[in-house]
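Me: I'm just starting out with protein structures and would love a close look at one small part of this one. Could you walk me through it slowly?

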Amino acid sequence: HNFISILPPDMRSSDVKWPANSDRWMSTFFEDIRPEHLLLVPLLEKQFGRQLQRFDEAQADAIIDFLVDCNNRPEEEMLYVNCVAGISRSGAIVTFATDIFNLNKDKFRKDNPYILPNNLVMQLLKDRWNKRQK
């Protein structure tokens with residue numbers, strides 16, 4: 001089994017101890033900022049008194065590397081991806097994986113009917129993937 005856990009940045013320093021990243025586990029920390037939130041980010045940062053952690057190229061590359069490694073294993077692999085709500089950040093990563101590796105999209109959608117992939121996460125993953133393919 002392989003696991004990607006997506007968490008808000010403030011959980012990085014919490015009392016919860018996340019497993020160390022390995023070839024089977026990856027924890028990454030970023031906010032669930034969607035396109036409709038972009039205009040609100042400065043206001044939210046002022047309200048929270050901190051900069052919000054956006055999904056970035058380094059995180060996209062790390063996730064792509066992890067997914068490629070999982071896909072290249074000779075044995076069949078199960079991938080679990082979770083985030084706080086299990087709807088948009090994790091949904092974007094699994095939707096990306098189903099697109100890139102030609103996985104069963106119908107089964108994924110049937111098993112996860114409430115997924116609303118985060119478009120910013122999806123777009124950055126696709127951009128970084130396409131850059132690698134050139």
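Reply: Let's zoom in on strand β2 and then follow its links outward to a helix residue, Q59.

One thing to keep in mind is that this is a predicted model. Strand β2 covers residues 25–29, and 5 of its 5 residues are buried. Here's a handy rule: in a regular strand, side chains alternate between the two faces of the sheet. In β2, W25, S27 and F29 sit on one side, while M26 and T28 sit on the other, and all of them are buried, so both faces are covered.

Who is next to β2 in the sheet? Strand β1, residues 2–7, pairs with β2 in the parallel sense, over 5 bridges. If you want to find one of these on screen, look for I4, whose bridge partner in β2 is M26.

Now hop over to Q59, which belongs to helix α2, residues 57–72. Its side chain makes a polar contact of 3.4 Å with the side chain of T28. Setting aside its neighbours within four places in sequence, Q59 also touches M26 and F29, and its other contacts include F30, Q53 and R54. Is Q59 itself buried or exposed? Its relative accessibility is 12%, and since buried means under 20%, Q59 counts as buried.

Helix α2 turns up in one more place: together with α3 (89–100), it is part of what covers the buried residues of α5. Those buried residues are V121, M122, L124, L125, R128 and W129.

Technical notes:
Residues are numbered from 1 along each chain as its sequence is written. This is a predicted model: local features need pLDDT of at least 70, side-chain atom pairs count only at pLDDT 80 or more; totals for chains, interfaces and linings use all residues. Side-chain values use heavy atoms; hydrogens and water are left out. Helices (H or I, at least four residues) and strands (E, at least two) are DSSP runs, numbered from the N terminus. Buried means under 20% relative accessible area, exposed over 50%, partly exposed in between (1.4 Å probe, protein chains only). A polar contact is a pair of N or O atoms within 3.5 Å; within protein, one must be able to donate a hydrogen and the other to accept it, and residues adjacent in sequence count only if both atoms are side-chain atoms. Contact means heavy atoms within 4.5 Å. Two strands pair if DSSP finds at least two bridges between them.
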